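The exercises below go through one protein model with its ligand, and each is followed by a worked solution. Please read each task against the sequence and the 3D view before turning to its solution.

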Amino acid sequence: MTINGGGSDGWELFERSRAMIADGTPVIELTQGEHDIPTDATILDAMHAAAKEGQTGYAPIAGMPALRDAVAARIALRSGVPTTRENIMIMPGGQAGLFAAHLAALDAGDTALYVDPYYATYPGTIRGVGGVPVAIPASPAHGFLPQASDIAAQAVGAKSLLINTPNNPTGVIYDQATLDDIAHVCIDHDLWLISDEVYDTQIWEGTHLSPRALPGMMDRTLVIGSMSKSHAMTGSRIGWVCAPPDMVEHLSDLATNTTYGVPGYIQQAALFGLNAGFALEQKVAAPFQRRRTLTLKALAGQNVLQAVQPHGGMYVMLDVRAIGMDGDAFANALLDAEHIAVMPGASFGAAAAGHIRIAMTTDDAAYVDALHRIVRFAQSQT
Ligand code: PMP
């Protein structure tokens, strides 16, 4: 079984940038979704204290009851859906949650739908559990929102649909009408909805709606959550799946046979982070909100690069088609000319081929400087 589909996956540019750095060429990397701040010191203190206090043995496999309760309370508060610990499976990160959710929802050979543009691992995750990935295009012409008719056209015989809002790579937040349409297709075609909401604390415009809250969706939705983005805890590997209780039991059985749970000191640190409330989340999100404004300002007054309005998340997508290049050609030429690395849109699927994705993950001054250089470079290409 192959997890990567073979052929080009568009990540060559990332590798090329890393090779240039290894050879001593300074490159400004605006590629990966990694904060430029470390995990908050208070969370690290809680982690250290938990380890010193002895939480270094096996931890409860589905997660510490107190952490499951805290995640359930957070989800209930934000979505309005009654949620208890029986709905929560603690996972070593959102990626593991995506894998486990698909394994729980699919049998080998089942078709699993996902929306293109997509977070780069999606098709590999589906293949990894023995499923058959089928992309639903969400075109720039529709604001990168999937259309109900396109989903319905592929839904016959499919088992699941994977969506991501706020979206990586586009920064788009799905509106109520889009989510209502998605819910109807899922109900009509008896699909599991796997809803990746790992960017739910990074909302710049509009409101984040969890589709689990829509009528008829609670029993067919698996929500993927993570503290990677919300609490700058990417390296701690801590997240969850929120699902109907029988699915949580399957996920727990899977963990018993794979990860055997998440370290207790990491779970304790996560509990501390959640209990710290909105203030800490806002502190972690603030740099991206600031840089989003800086991005729009730096792009104002020119028309070669068109920003997809970033509603949420830590990325901004730029349409480069007015230059007469696709994203791949633009990103490669930019890397050669300016030593700035951005991701070609095609790394996230064919629908984003005319775009580049910029991660807003460098300090403000260097970030703005890079943006000005990107604009200048784009203008020089017309
Ligand atoms: N979903 C999306 C959309 C992501 O962008 C990422 C990480 N970049 C993940 C899931 C997985 O994150 P983690 O495993 O760190 O929680």
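**Exercise 1.** Give the strand order of the open sheet of five strands, and work out which strands stand at its edges.

*Solution.* The order is β1-β11-β12-β10-β9, and the pairing is mixed; helices (H or I, at least four residues) and strands (E, at least two) are DSSP runs numbered from the N terminus, and two strands pair if DSSP finds at least two bridges between them. At the edges stand β1 (28-30) and β9 (306-307), each with a single partner strand, so one side of each is left without a neighbour in the sheet. Inside this order, β10 (residues 315-319) and β12 (residues 355-359) run antiparallel to each other over five bridges, and Val316 has Ile358 in β12 as its bridge partner. Helix α12 (residues 327-338) packs on the sheet, where it touches β11 (340-344) and β12, and its direction makes about 170 degrees with that of β11. Contact here means heavy atoms within 4.5 Å, while axes are lines fitted to C-alpha atoms, for helices over the stretch in contact, with angles from 0 to 180 degrees between N-to-C directions.

The model is predicted, so local features need pLDDT of at least 70 and side-chain atom pairs count only at pLDDT 80 or more, whereas totals for chains, interfaces and linings use all residues. Residues are numbered from 1 along each chain as its sequence is written, and side-chain values use heavy atoms, with hydrogens and water left out.

**Exercise 2.** Describe the shell around the ligand, starting from its polar contacts.

*Solution.* Polar side-chain atoms of Ser226 and of Ser228 each lie 2.6 Å from an oxygen atom of the ligand, and an N or O atom in the side chain of Tyr199 is 2.7 Å from a ligand oxygen; a polar contact with the ligand is a pair of N or O atoms within 3.5 Å. Of the 400 Å² of accessible area that the ligand has on its own, the protein covers 93% (Shrake-Rupley method, 1.4 Å probe). The ligand is surrounded by 15 residues, with Gly94, Asp196 and Arg237 among the closest, where a residue counts if one of its heavy atoms lies within 4 Å. The largest share, three residues, comes from α4.

**Exercise 3.** Locate two cis peptide bonds that precede proline.

*Solution.* The bond from Asp116 to Pro117 is cis, with omega near 10 degrees, and Pro117 sits in the loop between β3 (111-116) and α5 (122-128). The bond from Asn168 to Pro169 is also cis, with omega near 20 degrees, and Pro169 belongs to the loop between β5 (158-164) and α7 (176-188).

Definitions and conventions: A polar contact is a pair of N or O atoms within 3.5 Å; within protein, one must be able to donate a hydrogen and the other to accept it, and residues adjacent in sequence count only if both atoms are side-chain atoms.
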